[in-house]
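Q: Please take a close look at one part of this model. Go through its packing and its contacts, residue by residue where that helps.

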Amino acid sequence: MPEPVLQIASLIQDPRLTEACGQWLRGGRYLLVPIAPDQDPVAALDGRREDFDAVLLEQGALAQEVYAGLQERGLLLPAVVIGEVTGRTEYHDAEVHLPPDQLEQLSYSFDAALSRFLRRGLQGSGTPGASGDPEVADRWKLANRLQGRLGYLGVYYKRDPSRFLRNLVPAERDDLVRSLTRTYRDLLLSYFRDPAAANQALESFVNTAFFIDLQVTRIVEIHVNLIDDFSSQLKLEGHRIEFLQDYRLALIDVMAHLCEMYRRSIPPDPPISPGDSPPARSPATTNLSITHPAPPIHSSPVTRSTPKDT
């Protein structure tokens with residue numbers, strides 16, 4: 001059965017960036033629908049709220065009044081924000097950030113944005129009868145529409161094996177690895193200087209690594225190669241390199257977050273009908289099951305001490 005096509009409303013103002021994003025989404029499960037820059041984005045989304053499943057944004061392109069208007073009308077959608085990782089939130093706390101030089105990961109970023117939105121949105125939305133708030137009702141309808149299209153496992157990071165790294169053609173595989181390397185470089189450069197930006201880069205890397213089923217050995221290889229590059233450059237400039245060992249903490253951080261995503265990807269057991277006996281399960285399987293979605297990885301930026309370059 002073919003994957004459902006999900007429509008993405010593009011509110012990007014730069015036509016070249018819109019074209020580039022469209023190229024990386026072409027032929028997949030996502031259909032990019034540009035909203036003309038001269039249109040009122042709030043009115044455009046409000047008039048087609050039943051059509052769009054997510055939104056593509058450009059960092060800093062829309063005024064805060066636009067986001068306030070979207071929230072006032074209950075127009076909260078899964079979102080990917082294209083722009084440099086700065087730690088800033090544009091739209092809502094479930095948005096996913098992706099720098100413009102890493103668009104090869106765009107479809108995987110939307111996978112993560114949908115899953116994050118469903119996980120967080122369903123927890124806060126309840127049912128339409130539980131509140132008279134129209135925003136709650138709209139969020140409930142969107143979440144249930146998305147879950148209906150994605151299936152029961154959509155909220156638990158349902159992955160598409162055909163898009164795993166090992167199953168891509170060599171050219172696509174190489175492009176994606178180079179893009180991931182740039183993401184990891186952003187993480188290293190901001191890891192001790194800007195924790196909020198580092199968290200966004202870390203989430204971007206881990207999201208893609210999870211959805212492409214990236215091997216741990218490849219992650220270690222990316223880390224080692226970048227540290228070697230930094231080491232060579234510092235030696236040429238006459239600096240000491242001992243402090244680079246501290247960046248092993250970044251690798252540990254990535255592994256911990258990736259393990260958490262795999263833990264969350266195990267859905268709870270389906271409800272047991274009255275009179276049905278639960279299936280026998282091994283102790284190992286029992287320990288892996290979860291009964292509730294896990295909380296967000298970071299409720300606040302991680303505080304890191306800065307290594308000393310002496």
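A: **Aromatic pairs and helix packing around H6 to H9**

Phenylalanine 192 and tyrosine 247 are both buried. The model is predicted. Both residues belong to one aromatic cluster, formed by Tyr191, Phe192, Phe243 and Tyr247.

Across the whole structure, a search finds eight aromatic pairs. One of them joins tyrosine 184 and phenylalanine 205: the ring centres are 5.1 Å apart and the planes stand at 70 degrees, so this pair is edge-to-face. Its partners come from distant parts of the chain. Tyrosine 184 sits in helix H6, phenylalanine 205 in helix H7 (residues 195-211), and 21 residues separate them. Tyrosine 184 has a relative accessible area of 0%, so it is buried. Phenylalanine 205 also comes out at 0%, and is therefore buried.

Phenylalanine 192 and tyrosine 247 make another edge-to-face pair, with 4.9 Å from centre to centre and 80 degrees between the planes. Phenylalanine 192 is in the loop between H6 and H7, while tyrosine 247 is in the loop between H8 and helix H9 (248-264), so the pair ties together parts 55 residues apart in sequence.

Now the helices themselves. The axes of H6 and H7 come within 8 Å and cross at roughly 155 degrees. H6 is therefore roughly antiparallel to H7. Their crossing is left-handed. On the H6 side, the contact uses Leu176, Leu180, Thr183, Tyr184, Asp186, Leu187 and Ser190. H7 answers with Pro195, Ala197, Ala198, Ala201, Leu202, Ser204, Phe205 and Thr208. By type, the contact residues of H6 and H7 are 10 nonpolar, four polar and one charged. Tyr184 and Phe205, the edge-to-face pair, are both part of this contact.

Glutamine 105 also touches these two helices' contact residues. It lies in the loop between strand E5 (96-98) and helix H4 (106-125). Its relative accessible area is 0%, so glutamine 105 is buried. Beyond residues up to four places away in sequence, glutamine 105 touches Leu98, Leu176, Ser179, Leu180, Thr183, Ser204 and Thr208. Among them, Leu176, Leu180 and Thr183 belong to the H6 side of the contact with H7, and Ser204 and Thr208 to the H7 side.

H6 (residues 170-190) also packs on H8 (residues 216-236), at an angle of about 60 degrees and with the axes 10 Å apart. That angle makes H6 oblique to H8. The crossing is right-handed. H6 contributes Val177, Thr181, Tyr184, Arg185, Leu188 and Leu189. From H8 come Arg218, Ile222, His223, Leu226, Ile227 and Phe230. The contact of H6 with H8 holds eight nonpolar, two polar and two charged residues. Tyr184 thus serves H6 in its contact with H8 and in its contact with H7.

H8 packs in turn on H9, with an angle of about 155 degrees and the axes 11 Å apart. H8 is therefore roughly antiparallel to H9. This crossing is right-handed. Val216, Ile219, Val220 and His223 of H8 meet Arg248, Leu251, Val254, Met255 and Leu258 of H9. These contact residues divide into seven nonpolar, one polar and one charged. His223 takes part here, and also in the contact of H8 with H6.

Definitions and conventions:
Residues are numbered from 1 along each chain as its sequence is written. This is a predicted model: local features need pLDDT of at least 70, side-chain atom pairs count only at pLDDT 80 or more; totals for chains, interfaces and linings use all residues. Side-chain values use heavy atoms; hydrogens and water are left out. Axes are lines fitted to C-alpha atoms, for helices over the stretch in contact, and angles run from 0 to 180 degrees between N-to-C directions. Helices (H or I, at least four residues) and strands (E, at least two) are DSSP runs, numbered from the N terminus. Angles under 35 degrees count as roughly parallel, over 145 as roughly antiparallel, 65 to 115 as roughly perpendicular and the rest as oblique. A crossing is left-handed if the near helix is turned anticlockwise from the far one by less than a right angle, and right-handed if clockwise. Contact means heavy atoms within 4.5 Å. Ala, Val, Leu, Ile, Met, Phe, Trp, Tyr, Cys and Pro count as nonpolar, Asp, Glu, Lys and Arg as charged, and the others, Gly among them, as polar. Rings of Phe, Tyr and Trp (its six-membered ring) pair if their centres lie within 6.5 Å; planes under 30 degrees apart count as stacked, over 60 as edge-to-face and the rest as tilted. Buried means under 20% relative accessible area, exposed over 50%, partly exposed in between (1.4 Å probe, protein chains only).
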